[in-house]
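User: I would like to learn how to read strand pairing, helix packing and salt bridges in a model such as this. Could you take me through them in turn?

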Amino acid sequence: MAIKINQERLIFTLHTKRTTYQMHVDRYGYLLHQYYGRRTGGDMHYLLTFQDRGFSGNPYEAESDRTYSMDFLPQEYPYLGNGDYRRVLLKVADEAGTIDCDLRYDSWRLEEGLYRIPGLPAVYADGTNKDTGADAQTLVITLRDDVLKLKVELYYGVLPKLDIITRAVRIENCGKSAFTLEKAQSACLDFVTGDYDAITFYGRHAMERNAQRQRVGHGTMTIGSTRGTSSHQYNPMMLLVDHMATEDYGHCYSMSFVYSGGFKGEIEKDQYNNIRMQLGLPDELLAYPLGAGDVFWTPQVVMSYSSKGMARLSQNIHLCARRHIARGKWRDRIRPVLLNSWEACYFNFNREKMLELAQGAKDLGVEMVVMDDGWFGARNDDYRGLGDWYVNEKKLGGSLGDLVNEINRMGLKFGIWVEPEMVNEDSDLYRAHPDWAMTIPGRHPVLGRNQLILDFSRKEVVDAIYDAISKVLDSANIEYVKWDFNRSIFNVYSNSGLSQGQVLYNYVLGLYDFLERLNTNYPDLLIEGCSGGGGRFDLGMIYYTPQIWCSDNTDAVDRVRIQYGTSFGYPISSIGAHVSAVPNEQTGRTVSLKTRGIVAMDGTFGYELDPKKLSDEEKEEIRAQIRDYRRFARLISHGRYYRLSNPLEDPIAAWEMFAEDASEALISVVCLEIHGNMTVNYVRLRGLKKDCFYKDEETGAVYPANALMQIGLPVPVEMGEYRSYRWHLVKVD
Ligand code: GLA
């Protein structure tokens, strides 16, 4: 059993294969956190210390005992009101505005399998992933505040094989008076000691998820997004690792948010050197009223722990995302190699151009052609047309069905771009329904890419856009959709009658409702998420869209850094990566086709260029690239991923895809620096089977695994910038 409960002493222990998580209800009914780390038995209560500390208040029931204080004890669900002055997960205001709360233990229950959250994505275990999902269980611990009549249920889901624990909170108003949630986060981890580094992922449009490692000092480190999406600016995942931790050494913890709206992540080192890491919704734009009988669910947080460094931590999250968050037909399948029209022609295409792109793609061995932005309404630039989801038949020289049939006849699949959450003021939709756009009455809205956000917190808006887009999907054999979102949310306001502090959360529920309908009604459709590249790259989206366009930056040298950061929390099967033309459209840099191919194969592979502009040699090279990709596709998307260097600091970028059965490994290296009389870089492999030998398929050279893992493979020294190398090593029996 994954979950063990000592009923007499109220100790709750969650076990996964290699980890243990423990909490305890103390004599005053507070739920204290005792331990999260390497798997062990026993009661870890001894780790908690009790001292009389000035200005740390004591519960009333403790009477003259001044050694007990919520100000320094590790907790499971900290809230404002019981004398804990650190960051908290919950802040509740009653009708008079009084901010207070006192939650005590009430009861527990166990459920087989993993809990689901109404309307929100969550890690699941069912008949489709029995192998990795075996013995999954849920523990629910109920806390109550008898004055506010507030019931809080803490949900813990355990995926034992993957070393994953999930958390979410259900909050219910069981009384008659309303109160308002001013902060409602999902999970925290309290540490009574430790010298830790925080690893977070900052960025911006076209330069997402730069890994930043910082020692945790006194004060609070905050990351987050109030943009209504998870955002380019910070990604909703955080790692807390031993100061000495490396890829294969040290204690490492992670938290990832299964949510695509805003978020807030905080890491605080307090006056007693305790550390608290927490993640959840941003409180800045939340004021969620709960009337009598109302219920609120926080989105889910996925946690993992590894005692052996960051590689294993990432691998746990990869497997969880790939098999227990992503769903549907495409979850376990190799995705088609596609060619996207965006960088090939932007808005400037017509029927002839699309057919020409398709013909060129077919000739290269590509499987699917995607018609990006510009096929609908008056959309010939990015100033107009969003919201008008009807085909521009003039531009396409006929119906979409005709065009797609012709492309299908060439033996190619067809995909299309949409941006359902948006509207331009210059559109028929806006002219008919100006109140569907989120703007604050009496004020000019903030524009982003000249567009406004549709109010997806209103069901009639979601319904109308869903109907329009499903008509397009029904009109042709469309096998792929790229779902975009090209600005941040601001001016949050709804005409729906919702209280304005609810709107952003309900907006995300509306988005998920739409995506859920799309998944249910079009089960064969492959959906790729996108938000100006990777502005909404999160585990919430992966539940609906198994792959996400990683960045609008397709420059291979920038991409190795972006993909490096992304790899900490997301599987390769979710990372959209394409080869584009040079000089690169975002950086002006010229990198060889070989290097661009190797980098794009660190994701779901495809092209973003006009085949007509390629030379015959380039075409030949691309055909070989696609053949290579097909050979390695399973290893790439289902293999175990190892980062072999840190491209933000090291002279090379290197990574490895390794077969679960240890039979083969694919090693890729991109040289980021070149100097005169260059010293040799060695790339040290990871995960290979000890004492075995691996053979380089291409040259026939045989290498001892032990030497490959201790000293490595020498990277050739050759003149020229951004050279790249790849080795496919196969275990010798
Ligand atoms: C976003 C996407 C691009 C492209 C454009 C179209 O920026 O990230 O890939 O689809 O929109 O407008």
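User: How many bridges join strand β27 and strand β28, and in which sense do the two pair?

Analyst: Keeping in mind that this is a predicted model, one reads a pair of strands from the bridges between them and from their relative direction. Here strand β27, residues 526–529, and strand β28, residues 547–549, are joined over two bridges in the parallel sense. At the level of residues, Gly529 has Ile548 of β28 as its bridge partner.

User: Which strands close into the barrel, and in what order?

Analyst: To read a barrel, one follows the pairing from strand to strand until the path closes. In this case eight strands do so with parallel pairing, in the order β21-β22-β23-β26-β27-β28-β29-β30. From one strand to the next, the twist averages 30°.

User: Which strands does helix α12 lie across, and at what angle does it run to β29?

Analyst: One asks which strands the helix touches and then compares directions. Helix α12 (residues 593–600) lies across β29 (575–580) and β30 (604–608), and its direction is at about 170° to β29. Helix α13 (residues 616–638) also packs on the sheet, where it touches β29 and β30 and makes an angle of about 160° with the direction of β30.

User: How many salt bridges are there, taking a side-chain nitrogen of Lys or Arg within 4 Å of a carboxyl oxygen of Asp or Glu?

Analyst: By that rule the count comes to 62 salt bridges. One of them joins Arg9 to Asp43, with the closest N and O atoms 2.4 Å apart. This pair links distant parts of the chain, since Arg9 sits in the loop between β1 (3–6) and β2 (11–15), while Asp43, 34 residues apart from it, sits in the loop between β4 (31–38) and β5 (90–94). Arg9 has a relative accessible area of 43% and is therefore classed as partly exposed, and Asp43, at 29%, is likewise partly exposed.

User: Are Arg86 and Asp270 buried or exposed?

Analyst: Both Arg86 and Asp270 are buried, and their side chains meet in a salt bridge of 3.7 Å, N to O. Arg86 lies in the loop between β4 and β5 and Asp270 in the loop between β16 (263–269) and β17 (275–280), 184 residues apart.

User: What does Arg623 form with Asp363?

Analyst: Arg623 forms a salt bridge with Asp363, the closest N and O atoms being 3.0 Å apart. The pair ties helix α13, which holds Arg623, to helix α4 (residues 351–364), which holds Asp363, across a separation of 260 residues. Asp363 is partly exposed, with a relative accessible area of 40%.

Conventions: Residues numbered from 1 in each chain as written. Predicted model: local features only at pLDDT ≥ 70, side-chain atom pairs only at ≥ 80, totals over all residues. Heavy atoms only, no water. Pairing = 2+ DSSP bridges. Helix = DSSP H or I, 4+ residues; strand = E, 2+ residues; numbered from the N terminus. Axes fitted to C-alpha atoms, helices over the stretch in contact; angles between N-to-C directions. Contact = heavy atoms within 4.5 Å. Buried < 20%, exposed > 50% of the residue type's maximum accessible area, 1.4 Å probe, protein only.
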